[in-house]
Amino acid sequence: MSEQDLTSKSNGKKLLILGLDGGTFNLVRPWAEQGHLPTLKRLLDEGVSCDLNSTFPPVTSPAWPSFMTGMNPGKHGVFDFIRPKGTDYDMVNATSIQQPTVWARFARAGTKVGMVNIPVTYPPQKLDNSFIISGLLSPRSGTISHPADLIKKYEGKIGPYRIAPAVQYSRGHEDAYIKDIYDLVRTRGKWATTLVENEAWDVFMVVFGETDIGSHALWRFADESHPQYDPDAPDHIKNGLRNLYALVDEQMGKLIEAAGEDTIVLVMSDHGFGPLHYTVNLNLLLMQTGLMQLKRKPLTQLKAWLFKNGISPQTIYQFAEKLGVHNIAARVSKKQRNAVFRRFLSYDDVDWERTVAFSMGHVGQIYINTRGRWPHGSVEPGYEEYEVREKVISALNGMRHPETGEPIIDRIILGSEEYSGPYADRGPDIQLIMDGYRCISFPLFATTPKLFTEQIRGDSGNHRREGIFIASGPGIKKGEIRETAHILDVAPTMMYLMGQPVPTEMDGQVLTDILEQPWEVTYSETADADIDPETGLSTEEAEEVKDRLRGLGYLED
Ligand SMILES: [Zn+2]
């Protein structure tokens, strides 16, 4: 096919993708109807929309890498923010994605690509025909753009760029948090609009991560049915999340205008959002049921005894808080605090030879300690592994909702059924949907001695599988709601809309029915795009990324 054919098939159109991290129609549709989100209202009225199912687990990373590759995590290898490796874990980064992204495919085809703030794009890939500012999981000290001088080029005119919030949410300090996150949205919007106006692009994407971060913190103020709803909160806090969406909506309007009329606009999220009521300590359940064993060393046994009797760094901190001396504790550096935590119960205290399963990851991921797969694997692959899986499932099914006494697990998702591809065994063997995701697990080895805890950090909202998708613009159907699509469908649909053949190795389907007059899908067999060799972050970079994730509650012990 000649280049001219390609252009004529896409009608020379441009593609603008607006990512709302954690965006949900449970908020967007009513707020749009009520007039708070005029841009989204117009897009919904003039375009096609549907729920967009996320990956399992519905977590930012792996969801964005799955979107970018059009492939399930078993093929690209990213299952979470972290990759467990025995008693420890590595942070994932852009080079952990073991498949070419849609950006690399576009760049190879000569399509000009611009990207701002997409999670898991650090270190930025140096693609031809492209510019990028990387997103979540970027370290503070790294070069976050390609070309490297991209930020310098504009910051004199529009002010410094920011990736992450400067204020960590804590209860009772909503004002400072809200001010900071609103400023972050404006900064993001201003930078994205400036790049759209001044750089060359055919496909441009920006992700507003603030909708996710803000939903984690502010959900309970917007949700009257939340057990921690505060009827006495001032209006600007009650409406804090709605106003955040409205600010993003305003920035979206500016971006669409800057992109021009002949642009197809896609709005998407990586996962949805909903209330969070409980956090469960799955490693504690595994200990209680004998599936996880602690070392017989006296120190570990002493710590285990303290732990069982409700004494942990967390309870000591809460005690200090009651006494009003926690300011002293807060003055202790994070490094020192982590050192104290590490001296308490941790994965280091686990007797791996006698442990058959462990949990790592914040939605409810469990791994079987299979030999050959983990440094201290204790379970033979095959039948023994299957037996352990059944034991874990039976232990999980015994868990009851702390209030209603009903079984808390709605659904158990098996890695063997969910993932396919060369990296499928990096994924969790078992993951859970508990009380419709109103209950999640502690990400790491929690130091709370209770199975269920009402809150983790200050979070009152958490991810859901059902995210959002809207398409609008030239040739797109108007005012329709279609059946649910999958996040894997977006990349093949983007390639199709840009008049390019869809790689057969992508798992998603082209959403041809969003068009008034769909044309035929063409496919290509080869992976005609580049991937960077996998490299780990430096220790310093990894610590910076961990710090940021801790600030967002994704790595809380
Ligand atoms: Zn997310």
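Colleague: Let's start with Tyr437. Where does Tyr437 lie?
Modeller: This is a predicted model, and in it Tyr437 sits in the loop between strand 15 and strand 16.

Colleague: Why does Tyr437 count as buried?
Modeller: Its relative accessibility is 4%. Buried means under 20%, so Tyr437 gets the label.

Colleague: What is the phi of Tyr437?
Modeller: Phi is near 70 degrees there, a positive value in a residue other than glycine.

Colleague: Which loop holds Asp435, and what is its phi?
Modeller: Asp435 is in the loop between strand 15 (430-434) and strand 16 (439-441). Its phi is positive, about 45 degrees, and Asp435 isn't a glycine either.

Colleague: How do you know whether Asp435 is buried or exposed?
Modeller: Set its value against the cut-off. Relative accessibility is 17% for Asp435, and the limit for buried is under 20%, so Asp435 counts as buried.

Colleague: On to the metal. Which residues are the protein donors of the zinc ion?
Modeller: They are Asp21 (OD), Thr60 (OG1), Asp270 (OD) and His271 (NE2), and they lie 1.9 to 2.2 Å from the zinc ion. The cut-off for a donor here is within 2.8 Å of the metal, so these atoms pass.

Colleague: What makes the arrangement around the zinc ion tetrahedral?
Modeller: The angles do. The four donor atoms subtend 94 to 131 degrees at the zinc ion. For four donors, tetrahedral asks for all angles between 85 and 135 degrees, so the name fits. As a yardstick, the ideal angle for four tetrahedral donors is 109.5 degrees.

Colleague: How are the donor residues of the zinc ion spaced in sequence?
Modeller: The pattern is D-x38-T-x209-D-H. Thr60 belongs to helix 4 (residues 60-69), while Asp270 is in the loop between strand 9 (263-268) and strand 10 (272-275). That means the pair ties together parts 210 residues apart in sequence. Both Thr60 and Asp270 are buried.

Colleague: Why do you call helix 4 largely enclosed?
Modeller: Count its residues: ten of the ten are buried, so the rest of the structure largely encloses helix 4. Among them are Trp64, Phe67 and Met68. Just after helix 4 comes Gly70, with a positive phi of about 70 degrees.

Colleague: How do you know that helix 9 isn't straight?
Modeller: Compare its span with the expected one. Helix 9 (residues 210-222) has 13 residues, and a straight helix of that length would span 18 Å at 1.5 Å a residue. Between its end C-alpha atoms, helix 9 spans only 16 Å. There's also a bend of about 55 degrees at His216.

Colleague: What makes helix 9 mostly covered?
Modeller: Twelve of its 13 residues are buried, including His216 and Trp219.

Colleague: Which peptide bond leading to Pro123 is cis, and what is its omega?
Modeller: The bond from Tyr122 to Pro123 is cis, with omega near -5 degrees. Pro123 lies in the loop between strand 5 (113-118) and strand 6 (130-134). The bond from His146 to Pro147 is cis too, with omega near -5 degrees. You'll find Pro147 in the loop between strand 7 (145-146) and helix 7 (150-158).

Colleague: And the overall picture: how many helices and strands are in the protein chain?
Modeller: The protein chain has 20 helices and 23 strands. Of its 557 residues, 60% are buried.

Methods. Residues numbered from 1 in each chain as written. Predicted model: local features only at pLDDT ≥ 70, side-chain atom pairs only at ≥ 80, totals over all residues. Heavy atoms only, no water. Donors = N, O, S within 2.8 Å, 3.2 Å for Na, K, Ca; no water. Tetrahedral: all angles 85-135°; square planar, octahedral: opposite > 155°, others 65-115°. Helix = DSSP H or I, 4+ residues; strand = E, 2+ residues; numbered from the N terminus. Buried < 20%, exposed > 50% of the residue type's maximum accessible area, 1.4 Å probe, protein only. Expected span 1.5 Å × (residues − 1). Bend = angle between axes of the 7 residues up to and from the residue.
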